[in-house]
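Got the viewer open? Here's a walk through the model, one selection at a time.

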Amino acid sequence: MENIIKLKENGSALGLRELAKQIGVNIKNAINENKSIILDFDKVNSISSSFADELIAKIMLEYQDKFVNLVKIRNTNDFVKAMITNSIMQRMENQEQNK
């Protein structure tokens with residue numbers, strides 16, 4: 001069974017790192033239990049880079065293949081997609097620099 005997190009329940013513009021941390025707990029729990037999870041961005045118009053970093057990039061780096069296999073991101077507009085992509089790239093660059 002897939003868990004769906006409907007991010008629109010938190011607003012149409014998501015920006016607080018603390019909110020992303022709270023939602024991230026649910027993502028981590030699902031991954032730890034090997035359960036699929038869907039992050040549904042339907043009706044979310046914008047997110048901040050810090051929200052994208054905390055919600056997706058940090059967790060993706062921590063769980064790597066498990067994240068890729070279990071977490072699906074749906075219904076992103078072009079802006080949200082760009083923020084997520086930029087956050088992942090920036091996090092990966094920082095990881096490389098710190099090696």
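## A tour from the sheet outwards

Start by selecting Leu39 and Ile73: Ile73 in β5 is the bridge partner of Leu39. Keep in mind that you're looking at a predicted model.

**Stop 1: the sheet.** Now widen the selection to the strands around that pair. Three strands make an open sheet in the order β1-β3-β5, with parallel pairing. The edges are β1 (3-6) and β5 (71-74), each of which pairs on one side only. Turn the view a little and look for the twist, which averages 20° from one strand to the next.

Zoom in on β3, residues 37-40, which pairs with β5 in the parallel sense over four bridges. Four bridges also join β3 to β1, and these two strands run parallel as well. Leu39 is worth another click here: in β3, Leu39 is the bridge partner of Ile5. Next, pick Ile38, which stands opposite Lys72 in β5.

Show the side chains of β3. Which way do they point? Ile37 and Leu39 go one way, Ile38 and Asp40 go the other, and all are buried. In a regular strand the side chains alternate between the two faces of the sheet.

**Stop 2: the helix α4.** Select residues 78-97 to bring up α4, a helix of 20 residues. From its first C-alpha to its last, α4 reaches 28 Å, close to the 28 Å expected at 1.5 Å a residue.

Colour Val80, Met83, Ile84, Ser87 and Ile88, the buried residues to look for in α4. They cover an arc of only 130° around the axis, so they sit on the same side of α4. What covers the buried residues of this helix? The cover includes β4 (46-47), α2 (49-63) and β5, the edge strand from the last stop.

Spin round to the face turned away from the buried side of α4, where you'll find the exposed residues Asp78, Glu96 and Gln97. Before you leave, check the N-terminal end of α4, which is capped by Asn77. A side-chain oxygen of Asn77 lies 3.0 Å from the backbone nitrogen of Phe79.

**Stop 3: Glu54 in α2.** Jump to Glu54, which lies in helix α2. Is Glu54 buried or exposed? Its relative accessible area is 8%, which is under the 20% cut-off, so Glu54 counts as buried.

Now show what surrounds Glu54. Leaving aside neighbours within four places in sequence, Glu54 is in contact with Arg17, Ala20, Lys21 and Ile59. With Arg17 there is a polar contact between the side chains, at 2.8 Å. Another polar contact, of 3.3 Å, joins the side chains of Glu54 and Lys58. Try a distance label from Glu54 to Leu16 too: their C-alpha atoms are separated by 9.3 Å, though the two are 38 residues apart along the chain.

**Stop 4: two loop residues.** Most residues other than glycine have a negative phi, and most peptide bonds are trans. With that in mind, select Asn34, in the loop between α1 (17-32) and β3. The phi of Asn34 is near 55°, a positive value in a residue other than glycine. Asn34 counts as exposed because its relative accessibility is 53%.

Finish with Gln64, in the loop between α2 and α3 (65-70). Gln64 also has a positive phi, near 45°, and is not a glycine either.

Terms used
Residues are numbered from 1 along each chain as its sequence is written. This is a predicted model: local features need pLDDT of at least 70, side-chain atom pairs count only at pLDDT 80 or more; totals for chains, interfaces and linings use all residues. Side-chain values use heavy atoms; hydrogens and water are left out. Two strands pair if DSSP finds at least two bridges between them. Axes are lines fitted to C-alpha atoms, for helices over the stretch in contact, and angles run from 0 to 180 degrees between N-to-C directions. The expected span of a helix is 1.5 Å times one less than its number of residues. Buried means under 20% relative accessible area, exposed over 50%, partly exposed in between (1.4 Å probe, protein chains only). The arc is that of the directions from the helix axis to the C-beta atoms. Contact means heavy atoms within 4.5 Å. A polar contact is a pair of N or O atoms within 3.5 Å; within protein, one must be able to donate a hydrogen and the other to accept it, and residues adjacent in sequence count only if both atoms are side-chain atoms.
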